[in-house]
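Dear colleague,

Please find below the structure for your review. A summary of the findings follows it.

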Amino acid sequence: MALVSKPRVRFAPSPTGYLHVGGARTALFNWLFARHEGGTFILRVEDTDVERNRPELVEGILQGLRWLSVAWDEGPYFQSQRLDRYRNAAEDLLKSGFAFLCFCQAVQYAGADATPEGEEGTEKIARTAPCPCRDLTSAQREQKICEGAPYAIRFAAPREGVTRFEDAVFGQREVQNVEIEDFVLLRSSGLPTYQLGAVVDDVAMGITHVIRGADHLSNTPKQVLLYRALSATPPIFAHVPLILGPDRTRLSKRHGATSVSLYADEGFLPEAFRNFLALLGWSPGGDEEFLPTSELISRFTLSGVSRTNGVFDRAKLEWFNSQYLQKLPIDGLLPYVKTELRRSGLWRAQWDDSEREWFARTVDLLRPRTRLLPDFSHWARAFFSDDFGYDPDARAKFWKDPKVPELLSKLADALDALVEWSHDPCDHALRALAAAEGVKAGLLINATRVAIVGRAVAPPLFETMVVLGKSRVVSRLRRAVPAVAA
RNA sequence: GGCGCUAUGGUGCAAUGGUUAGCACGCGGCCCUUUCAAGGCCGAAAUACGGGUUCGACUCCCGUUAGCGCUACCA
């Protein structure tokens, strides 16, 4: 049995924007495939469009990948630093007769539907017609060059036959060659187009599987033709379906957040985001959904990739986040909470050493009620700071009974007298007071909750008391007495 | 316009000729809980349409429709 070499895959973003969720998922699939197969994941920046290129955006893309822990093994390589290779390849293609010089005026694309609907007949057909420069005599070519006319290099697409390739997701594909236009390889500026750059690099880098968005499916035959012309063997392709917005059109800025960094800023956990993204367009085959990264890696296969475009469902993403917030080992969660509290200015150094246990316990108590990281500094603020206000809705709901101030005051005294500060003594003291005062325990419990954490929503009251500590609970109760009337 | 891809509840997926079409999100209800979540249980909700092939189609074939992609000296 022949030794099969390990797969080499790549993610090739263009620095024309931030890392969007579609790109992130493509990167994730490449990475999962590489990890599953023990292969190599390469990062290559395709920055050959000088007009739209924004070099300063590269770092943001790398940061997005780092946040997702999608780590590359090689690169990042930059196409802008490899221009000679593409030029040489184009020259070779020219010599071997696979390409020709084109002196046509560069047509500037002006948008998807720029062509007026009216007289499409002539104009649109012209788009796929073979370039007339292909049939220029060598004398005519010489003359153009002498005149100093700018030229591009185009691929001479075959005019008959079919081109086939293997797609791990879509199966065997074949396209009639007459449908393939004489596409540009090298622009008159000397810079390569996507088709040339991608193929030359994929060959040079030994890429075995090209995993990319399905928007490239239609152009793949051109690349297959290029591989052949370059005497290289085409890789296995795997086109992954597109991610759509709720209106089923391609996900874009107008659908809201499409940048991965925005989700990081909003307080999503990378583990949750990864899990969610992995299941958008891929399935391990069964019903399991909560799949930590190790599980994702061991189960990932290209045959599990779907062929249908999918809608990005934020509600489901939030559900995944709440799941990870709950199920992550507490030590894995703490660093994220720490970062969040730092961001909001609530962090205290002792929670990292002398009070680490308290911190872990408090976070553990809070986490079933959280959906996003900022919940720790917003609704749970009173657990980390004495500086908190009383939620208007909470006081309206639980402080409306006229007996509340007196009850809170008496509870403060009763709790202050406690020798042991733990769940049951607090529980007994409160219920005893309620009984003595002739009120339902619930009334006191709810009023107390608002007094000590400022909100109607919190973990069970007595567990909350234990975590807050006696002195804080007592002083917050006393502080609340005048506040009830205010 | 041309070429291509796709089509299971509102959403994401499962079921690769034989199931009462399954799971999850979301939605509604109940339980738990004198808060709110989490958790448990129950419920409403789908094979786009029309033809074939077959003893039998979600599944295979054809057509229609719809959506999307490509059709750039963008990627």
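The notes below cover the RNA strand, a pocket, the aromatic rings and two single residues.

Please bear in mind that this is a predicted model, and that the values given here are computed from it.

RNA strand B

A total of 66 residues surround RNA strand B, and the closest are Arg187, Gly281, Glu289, Gln326 and Arg369. Sorted by class, this surface comprises 22 nonpolar, 21 polar and 23 charged residues. Several elements each supply at least two residues of the surface, among them helix H4 (120–128), strand S5 (152–155), helix H6 (194–204) and helix H17 (441–453). Helix H11 (314–327) provides the largest share, namely five residues.

On the side of the RNA, sugar or phosphate accounts for 67% of the strand B atoms within 4 Å of the protein, and bases account for the rest. Three contacts may be of interest to you:

- Leucine 279 places a backbone N or O atom 3.1 Å from a sugar or linking oxygen of RNA strand B.
- Proline 368 has a polar backbone atom 2.8 Å from a sugar or linking oxygen of the strand.
- Tryptophan 319 has a polar side-chain atom 3.4 Å from a phosphate oxygen of RNA strand B.

The second largest pocket

This pocket holds about 210 Å³ of space. Its lining consists of Trp67, Ala264, Asp265, Gly267, Phe268, Leu269, Pro270, Tyr336, Thr339, Glu340, Arg343 and Leu373. By class, seven of the lining residues are nonpolar, two are polar and three are charged. Helix H8 (260–266) and helix H12 (330–343) each contribute at least two residues to the lining. The largest share, four residues, belongs to H12.

Aromatic rings

The structure contains 23 aromatic pairs. One of them joins phenylalanine 29 and phenylalanine 300 in a tilted arrangement, with 5.3 Å from centre to centre and 50 degrees between the planes. Phenylalanine 29 belongs to helix H1 (residues 21–37), whereas phenylalanine 300 sits in the loop between helix H10 (293–299) and S12, so the pair ties together parts that are 271 residues apart in sequence. Both phenylalanine 29 and phenylalanine 300 are buried.

Ring pairs also link Trp67, Tyr263, Phe268, Phe273, Phe276, Phe312, Trp319 and Phe320 into a cluster. Two members of this cluster, Trp67 and Phe268, appear in the lining of the second largest pocket as well. Trp319, another member of the cluster, is the tryptophan listed above with a contact to a phosphate oxygen of RNA strand B.

Two single residues

Is arginine 476 buried or exposed? Arginine 476 has a relative accessible area of 2%, which is under the 20% cut-off, and therefore counts as buried. This arginine is located in helix H19 (residues 470–485). Its side chain reaches the backbone oxygen of serine 385 at a distance of 3.1 Å.

Aspartate 135 lies in the loop between H4 and helix H5 (138–146). With a relative accessibility of 55%, aspartate 135 counts as exposed, because the cut-off for that class is over 50%. The C-alpha atom of aspartate 135 is separated by 10.0 Å from that of cysteine 102, and the two residues are 33 residues apart along the chain.

With kind regards

Methods
Residues are numbered from 1 along each chain as its sequence is written. Chains are lettered from A and ligands numbered from 1 in the order in which they are written. This is a predicted model: local features need pLDDT of at least 70, side-chain atom pairs count only at pLDDT 80 or more; totals for chains, interfaces and linings use all residues. Side-chain values use heavy atoms; hydrogens and water are left out. On a 1 Å grid over the protein atoms alone, a cavity is a set of points where a 1.4 Å probe fits but cannot get out, and a pocket is an open set with protein on both sides within 12 Å along at least five of seven lines; lining residues have an atom within 4 Å of a point. Grid points are joined across faces, edges and corners, and a volume is the space filled by probe spheres set on the points. Ala, Val, Leu, Ile, Met, Phe, Trp, Tyr, Cys and Pro count as nonpolar, Asp, Glu, Lys and Arg as charged, and the others, Gly among them, as polar. A residue is near a molecule or strand if one of its heavy atoms lies within 4 Å of it. A polar contact is a pair of N or O atoms within 3.5 Å; within protein, one must be able to donate a hydrogen and the other to accept it, and residues adjacent in sequence count only if both atoms are side-chain atoms. Rings of Phe, Tyr and Trp (its six-membered ring) pair if their centres lie within 6.5 Å; planes under 30 degrees apart count as stacked, over 60 as edge-to-face and the rest as tilted. Buried means under 20% relative accessible area, exposed over 50%, partly exposed in between (1.4 Å probe, protein chains only).
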